Amino acid sequence: MITGELKSKVDGLWNAFWSGGISNPLEVIEQITYLLFIRRLDDLHTLQEKKSNRLGTKIENPVFPLTKEGEKLRWSRFKNFSPQEMFDVVSTKVFPFIKDLRGGVEHSTYSQHMKDARFTIPTPGLLARVVELVDDIPMDDRDTKGDVYEYMLGKIATAGQNGQFRTPRHIIKMMVDLIAPKPTDLICDPACGTAGFLVAASEHLHESYPELRTDQKLMAHFHERMFNGFDFDNTMLRIASMNMLLHGVENPNISYKDSLCEDHAGEEERYTLILANPPFAGSLDYESCAADLLRIVKTKKTELLFVALFLRLLKPGGRAAVIVPDGVLFGSTRAHIDLRKTLVEQHKLDAVISMPSGVFKPYSGVSTAVLLFTKTDAGGTRNVFFYDMQADGYSLDDKRIALDSSSPTNNNIPDILMRWKHLDLESRRTRLDQSFLVDVEEIRQNAYDLTFSKYKEIAAEQISHRSPSELIAELRTIQADIGNGLQTLEKLLR
């Protein structure tokens, strides 16, 4: 948990960039990411030094050249230089070094994305100040490192291009808790952004499976193969890689891929779990869309193509928890209906959780839902769990102020998780409730419509009316009172 003191340090770092002339939040995060990466490299080199000294051997895999010039590239050395000397070393030597870095498994993913790093800190004074501030932030504890970086990412207050914006952390955690990753899963986010879903999955696994810290086979899987994220924004890839590193995942597969526009040879039916909130930017031309996705659903709409992509990437038996815009649930085009029919009839649709439109404010007011499904290639849908989330613990306006989460009326997420865990009890619920099960046959009869309101029943309010004779009698009484009052008034005026 990030403390008030740590928040103040991060705020001070952020303000230093802004006052120094770098006001683009993404650029600030990017420059901080580079500095954290450089600091991380020095930590790795220091570990090798300690091992060498302990064993009395040469350093096996030094990160930095074992020369006088190589020493200058290290964070622990240049942080003590004068501002001008530091600026010259970092801009002309350290950055070229990290761009050309080719290292071992421990940092290969990060070095891969750092090759396009651009040093944009404009003055020696600003560099000296931010190096001092970054050096003062504790980065020894995995949880602290992750929380600090998440807090930094939370400062990105502007939506990106192509419909990209950060998914609120509590919504991500809800989805991860619903899908419950296992230590043997292969997890993928085909539009990973800052890797929020992958990070949350790693945190869930650390909390739920202590054996990840002791079982060598599980540890190797966790650090090398489990986490896979794609994006076509190189800035996001760098941020995502650092986010994973600071949350204790040493070498995830964070790679460049335009998920909708590239065929997926080698990726199809590879993953056991998908967590995603992809950008929904509208439409693509058929010519630019991956042919294997068009075979699942013939459409130009990205929201439908992404669902097809999830089905394409999942192994049989694989599970998904993904966010879709409401149009996917009720769209009446042939492509919309066919895709919903595919989910229901060819696979196993598990749940539809409708979310209020304010969840993504201030970035967007679009209404969305969480779909949970299992790829089976053989059907299996019987009853679908529907939940109408009306509150998520925050105000649903642009301010998104935290509310008292202990009140069920302010936060439905604990109730969602509880009901998902005890689905057998949902059969006792009625269509007047906030959640219920819907039989697959009823979904078929409604053209595979998946909106909550389609199946919700509204209780008619019983209103009793008085008889006309009673109303007339009351009016006569009121009229008589008015007449008596007028007579009294006339007497007073004589």
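Me: Buried means under 20% relative accessible area. What percentage of the residues of this protein count as buried?
Reply: This is a predicted model. The protein has 494 residues. Apply the cut-off of under 20% relative accessible area to each. The share that counts as buried is 49%.

Me: How many helices and strands does the protein have?
Reply: Both kinds of element occur here. Helix α1 covers residues 4–19, and strand β1 covers 187–189. The full count is 20 helices and 9 strands.

Me: Is the protein more spread out or less spread out than a compact globule?
Reply: The globule rule gives 23 Å for 494 residues. The radius of gyration is 29 Å, well over that value. The C-alpha atoms fill a box of roughly 110 × 75 × 45 Å along the principal axes. Because the radius exceeds the rule, the protein is more spread out.

Me: Which helix gives the most residues to the largest nonpolar core?
Reply: This core has 55 residues, and L13, F78, I121, L127, V130, Y149 and M152 touch the most other members. Several helices supply at least two residues each, among them α1 (4–19), α5 (83–99) and α12 (234–246). One gives 10 residues, the most of any. That helix is α2.

Me: Which residues does V130 touch, leaving out those up to four places away in sequence?
Reply: V130 is among the core residues that touch the most other members. Nonpolar side chains tend to be buried together in soluble globular proteins. With sequence neighbors up to four places away set aside, the partners of V130 are L13, A16, F17, L35 and I121.

Me: How many residues are in the second, separate core?
Reply: The largest nonpolar core has 55 residues. The second core is separate from it and includes V297, L311, V324 and L349. Its number of residues is 47.

Me: Is M236 buried or exposed?
Reply: M236 lies in helix α12. Its contacts beyond four places in sequence are L26, G193, T194 and D231. The cut-off for buried is under 20%. M236 has a relative accessible area of 12%, so it is buried.

Me: What is the distance in space between M236 and F306, C-alpha to C-alpha?
Reply: Along the sequence, M236 and F306 are 70 residues apart. In space, the distance from C-alpha to C-alpha is 19 Å.

Me: Which residue in the loop between β1 and α10 has a positive phi although it is not a glycine?
Reply: The loop sits between β1 (187–189) and α10 (196–208). The residue has a phi of about 70°. Its relative accessibility is 0%, so it counts as buried. The residue is A195.

Me: Is E269 buried or partly exposed?
Reply: E269 is in the loop between β3 (253–256) and β4 (271–276). It has a positive phi of about 50° although it is not a glycine. Its relative accessible area is 38%, so E269 is partly exposed.

Me: Which residue pairs with E426 in a salt bridge?
Reply: Side chains of opposite charge can pair when their charged atoms come close. The bridge made by E426 spans 3.2 Å, N to O. E426 is buried at 2% relative accessibility. Its partner, buried at 17%, is R419.

Me: Why are E441 and R444 separated by about one helical turn?
Reply: The side chains of E441 and R444 meet in a salt bridge at 2.9 Å, N to O. E441 is partly exposed at 36%, and R444 is partly exposed at 33%. The two are about one turn apart because they sit in helix α18 (residues 440–445) at a spacing of 3 residues.

Me: Which residues are joined into one network by salt bridges that share partners?
Reply: The whole structure has 27 salt bridges. One of them links R77 and E71 at 2.8 Å, N to O. Shared partners join that pair with others, and the network is D42, E49, E71, R74 and R77.

Me: What accessible area do L475, I478, I482, L486, L489, L492 and L493 have together?
Reply: These residues form a nonpolar patch on the surface. I482 lies in helix α20 (residues 468–493). I482 is exposed, with a relative accessible area of 51%. Together, the patch has about 750 Å².

Note on methods: Residues are numbered from 1 along each chain as its sequence is written. This is a predicted model: local features need pLDDT of at least 70, side-chain atom pairs count only at pLDDT 80 or more; totals for chains, interfaces and linings use all residues. Side-chain values use heavy atoms; hydrogens and water are left out. Patches are made of residues with over 30% relative accessible area and no salt bridge: like charges are joined within 9 Å, nonpolar side chains (Val, Leu, Ile, Met, Phe, Trp, Tyr) within 5 Å. Accessible areas come from the Shrake-Rupley method with a 1.4 Å probe; for residues, only the protein chains shown count as cover. A salt bridge is a side-chain nitrogen of Lys or Arg within 4 Å of a carboxyl oxygen of Asp or Glu. Helices (H or I, at least four residues) and strands (E, at least two) are DSSP runs, numbered from the N terminus. Buried means under 20% relative accessible area, exposed over 50%, partly exposed in between (1.4 Å probe, protein chains only). A nonpolar core is a set of buried Ala, Val, Leu, Ile, Met, Phe, Trp, Tyr and Cys residues joined through side-chain atoms within 4.5 Å. Contact means heavy atoms within 4.5 Å. The radius of gyration is taken over C-alpha atoms; the globule rule is 2.2 Å times the number of residues to the power 0.38.
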